[in-house]
Amino acid sequence: MAILLLKPFKVPGVGLALRSKPRGAPFIRSGQPAEVVLDLSRLLWRSFYAAPTGIDRVEYVFARELLARLGDLLHFSAVHPAGGFYGRLDRDAVRRFLDFTAERWRSSDTTDGRSRKGAVVRHLIAMRPRPVPRATRPRLYVQVSPHHLDDHEQVGGILRCEGARFVTLIHDVIPITHPEFVRPQGAEEHARRVHAIDSFAAGILGNSQATLDALTPHLAHGLAGRQLAVAHFGADPPDPSHASDFPIPSRPYFLYLATIEPRKNHQLLLHIWRRLVERYGDAAPMLVLIGKRGWENENVIDILERCHVTRGHVVEAGQLSDRQIAALMAGARAMLMPSFAEGFGMPVMEALSAGVPVICSDIPPHREVGGDAPDYIDPLDGAAWLRAIDAYTVADSAPRAAQIDRIGQWLAPTWPAYFDIVMDLLDRVAADGGDD
């Protein structure tokens, strides 16, 4: 028997009904294995964007890996971009959409062409929201993006509609702990997300222990009574089947893979590169910036657009395909990550996994992910960054060679190990729900 589709912001009485049972609806005691409903709202809403964010990638990998592990016990749902209704998605249509998405990200064609937009529309139509069947066995609703978590009533309504317990992945608490680095309303919006997690989450997965530690002070109900896990994201091996069409610099170069926004500290690197060019002229190394322009970054944009000294030495590559990024990373002297705050630091992990040295800011998430391999520098110590970059410009310099040796001892996290932890968390939440 079907339940009517939910429309966000218009679910009467849902908030009051669920607040008495804040961490998900009780399971039906059927003795059957739990089914899992994975929310793909983020991927659907961002399907018109040419290049993915880290969160987009994580939601995609969850769909790919849980399909392989759960089979028919896995279902898909979303708050659909067409009308904002919540409902189930056809599994075969999702499979086709995932294949389409993976190829789009790999492709060197990152333009928003008419044919690609038409293909996206066809996929979205095929994944139109469908009614949610009544639960006849334990059910877990899993959301790994912050897509609609800022709407407390909507999250509660979805859980009531599904008759499910809620398991969520927390990526960071940066908008609350560092509001100066986000949009003006970012802290308030993220506080609403944390409120929904606090009210409803029976299971919380942290992308790092640092993230889970940062979340804890902001939970009114605390962590007690919830199932918890920390798992570091894995890295997909580079795809060697197709060469990149992005021009690889002929002289030494460094990469920074990040959205251009204040917490990423691009300004430090741009001032360092001006100094390098003033010191070495055309023999200075190059800096390749990969990532879109974000927000609150006027000073950085002014330097990129108006500084004639670094022109030709700093390349703003924008958003690139996976193949282009892999090709650039393979030849880089190092990946640079001078950010002030991170939840995980995925580029650190990806670079080390590819055997590429990393020079990164000395913050807990980076150390948790990188271990003893990278060179860590305070993000405010410009002189130390300048010395390190200068040394790494020479391919066989002692500091760079030493890090390459350390990378050989570093154990790269893998997606199979990651999802072993995820499956254990889901099992614990399901078993815990059986006692309700």
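# Helices, strands and the residues between them

The buried residues of helix 15 pack against strand 10 (253–257), helix 10, strand 13 (335–337), strand 14 (358–361), strand 15 (375–377) and helix 16 (398–407). The model in front of you is a predicted one, and helix 15 offers a convenient place from which to start reading it. The residues of helix 15 that count as buried are A384, W385, L386, A388, I389 and Y392. In an α-helix there are 3.6 residues a turn, so residues three or four places apart point the same way.

One of these residues, A388, can be followed in more detail. A388 lies in helix 15 and has a relative accessible area of 13%, which is why A388 is classed as buried, the limit for that class being under 20%. When neighbours within four places in sequence are left aside, A388 is in contact with I359 and I377. A further distance helps to place A388: its C-alpha atom and that of Y376 are separated by 9.9 Å, while the two residues are 12 residues apart along the chain.

Before looking at other elements, it helps to see the chain as a whole. The protein chain contains 17 helices and 15 strands, and of its 436 residues 55% count as buried. If one takes the contacts in the chain with a separation of 6 or more, 79% of them are between residues 24 or more positions apart.

We now turn to the helix pairs. Two packed helices are described by the angle between their axes and the distance between the axes. Helix 10 (residues 266–280) packs with helix 15 (residues 382–392) at an angle of about 55°, and their axes are 10 Å apart. Helix 10 is therefore oblique to helix 15, and the crossing of these two helices is right-handed. On the side of helix 10, the residues that take part are L268, L269, I272, W273, R275, L276, R279 and Y280, and they meet G382, W385, L386, I389 and D390 in helix 15. Sorted by class, the residues of this contact comprise nine nonpolar, one polar and three charged. W385, L386 and I389, which appear in this contact, are also among the buried residues of helix 15.

Helix 10 has another partner, helix 11 (residues 298–306), with which it packs at an angle of about 30°, their axes being 9 Å apart. An angle under 35 degrees counts as roughly parallel, and so helix 10 and helix 11 are roughly parallel to each other. Here the crossing is left-handed. H266, Q267, L270 and H271 in helix 10 meet N299, V300, I303 and L304 in helix 11, and this contact has four nonpolar, four polar and no charged residues.

Just ahead of helix 10 in the chain is a loop that deserves a look. K264 is placed in this loop, between strand 10 and helix 10. Is K264 buried or exposed? With a relative accessibility of 8%, K264 counts as buried. Apart from neighbours within four places in sequence, K264 is in contact with Y256, A258, T259, P338, S339 and E342.

A further helix pair is formed by helix 3 (residues 54–70) and helix 17 (residues 415–433), whose axes come within 11 Å and cross at roughly 70°. This angle makes helix 3 roughly perpendicular to helix 17. The residues V61, F62, R64, E65, L66, R69 and L70 in helix 3 meet W415, P416, Y418, F419, D420, V422 and M423 in helix 17, and by class the contact has 10 nonpolar, no polar and four charged residues.

Strands also hold buried residues, and F166 is an example, being located in strand 7 (residues 165–170). F166 counts as buried because its relative accessibility is 0%. If residues up to four places away in sequence are not counted, F166 touches Y141, Q143, L149, V155, L159, F200, A201, A202 and G203. One of these partners, A201, is 35 residues apart from F166 along the chain, yet the C-alpha atoms of the two are separated by 4.9 Å.

Finally, consider the cysteines. A disulfide is a covalent bond between the sulfur atoms of two cysteines. How many disulfides does a search of the whole structure find? The search finds zero. Two cysteines can nevertheless be described by their accessibility: C161, at 7% relative accessibility, counts as buried, and C360, at 0%, likewise counts as buried.

Technical notes: Residues are numbered from 1 along each chain as its sequence is written. This is a predicted model: local features need pLDDT of at least 70, side-chain atom pairs count only at pLDDT 80 or more; totals for chains, interfaces and linings use all residues. Side-chain values use heavy atoms; hydrogens and water are left out. Axes are lines fitted to C-alpha atoms, for helices over the stretch in contact, and angles run from 0 to 180 degrees between N-to-C directions. Helices (H or I, at least four residues) and strands (E, at least two) are DSSP runs, numbered from the N terminus. Angles under 35 degrees count as roughly parallel, over 145 as roughly antiparallel, 65 to 115 as roughly perpendicular and the rest as oblique. A crossing is left-handed if the near helix is turned anticlockwise from the far one by less than a right angle, and right-handed if clockwise. Contact means heavy atoms within 4.5 Å. Ala, Val, Leu, Ile, Met, Phe, Trp, Tyr, Cys and Pro count as nonpolar, Asp, Glu, Lys and Arg as charged, and the others, Gly among them, as polar. A disulfide is a pair of cysteine sulfur atoms within 2.5 Å. Buried means under 20% relative accessible area, exposed over 50%, partly exposed in between (1.4 Å probe, protein chains only).
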